[in-house]
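I opened my notebook for a fresh look at this chain and its ligand. Here is what I looked up, in the order I went.

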Amino acid sequence: KLIMKQHPLAQYLDAVPDFPKEGILFQDISPLLRDHFVATIDAMSLLFSAKEWTEVDYLVGVESRGFIFASALALKHDKGFVKVRKTGKLPNVHASMEYGLEYGTDKLEMQKGDGKKVIICDDLIATGGSMQAAAKLCNEVGYEVVGMACLVDLKALNSFSHDGMAVRSVIQFDD
Ligand code: PRP
Ligand code: MG
């Protein structure tokens, strides 16, 4: 087995077996948020160069755990914050996007964009369904997606890329 050097923050993930159901190993980010929040946000910030950051206008957060990272990064880089919300929560919805869950589908919604450049943030990518829906939605409402960032990418569960633009992540699991 290939041993990859993992980011030091990976040691603070709490891997919970059989949550929320049997056979699922849940990667709980709670200890990172409580005890290592600044280091976690700094690590996500370093996923993009100084030049890349200057070209970004807004951070887009995917409800609900994505809000944590998008808002912290927006504050750190003096950018605005934009929400991708689950269905029925947002007034003046401009577009909705259905995405697949293990059983059935759910919907994400956004208000109208203004043509500016965004980075989409979430805590974790599993199948990639949420991030992919968020990216399509951003394009549909009128934002230019220049990057996608997450704290944890469960790479074995997705083959994620969107128009050739890969998701950047701090911690990756290949199995
Ligand atoms: C989790 C997680 C990601 C998504 C990842 O969110 O926060 O957003 O699932 O899964 P995917 O790559 O297979 O789409 P969830 O919808 O459980 O809700 P929450 O963020 O509100 O806790
Ligand atoms: Mg989520």
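The entries below go from the whole chain to one helix and then to the ligand.

Before starting, I noted that this is a predicted model, where local features need pLDDT of at least 70, side-chain atom pairs count only at pLDDT 80 or more, and totals for chains, interfaces and linings use all residues. Residues are numbered from 1 along each chain as its sequence is written, while chains are lettered from A and ligands numbered from 1 in the order in which they are written.

Whole chain. I found five helices and nine strands, taken as DSSP runs (helices H or I, at least four residues; strands E, at least two) numbered from the N terminus. From the N terminus on, the order is β-β-α-α-α-β-α-β-β-β-β-α-β-β. The C-alpha atoms fill a box of roughly 45 × 40 × 30 Å along the principal axes.

Helix H2. I checked residues 37-45 and saw that Thr 40, Ile 41 and Met 44 are buried (20 or more other C-beta atoms, placed from the backbone, within 10 Å of the residue's own). These three cover an arc of only 95° around the axis, so they sit on the same side of H2; the arc is that of the directions from the helix axis to the C-beta atoms.

Ligand 1. I looked up its shell next: 14 residues surround ligand 1, and Ser 64, Arg 65, Ala 126, Thr 127 and Ser 130 come nearest (near is a C-beta atom, placed from the backbone, within 6 Å). H4, strand E7 (117-125) and helix H5 (129-141) each give two or more residues, and E7 gives the most, with four.

Notes. A residue is buried if 20 or more other C-beta atoms lie within 10 Å of its own, exposed if 12 or fewer, and partly exposed in between; C-beta atoms are placed from the backbone.
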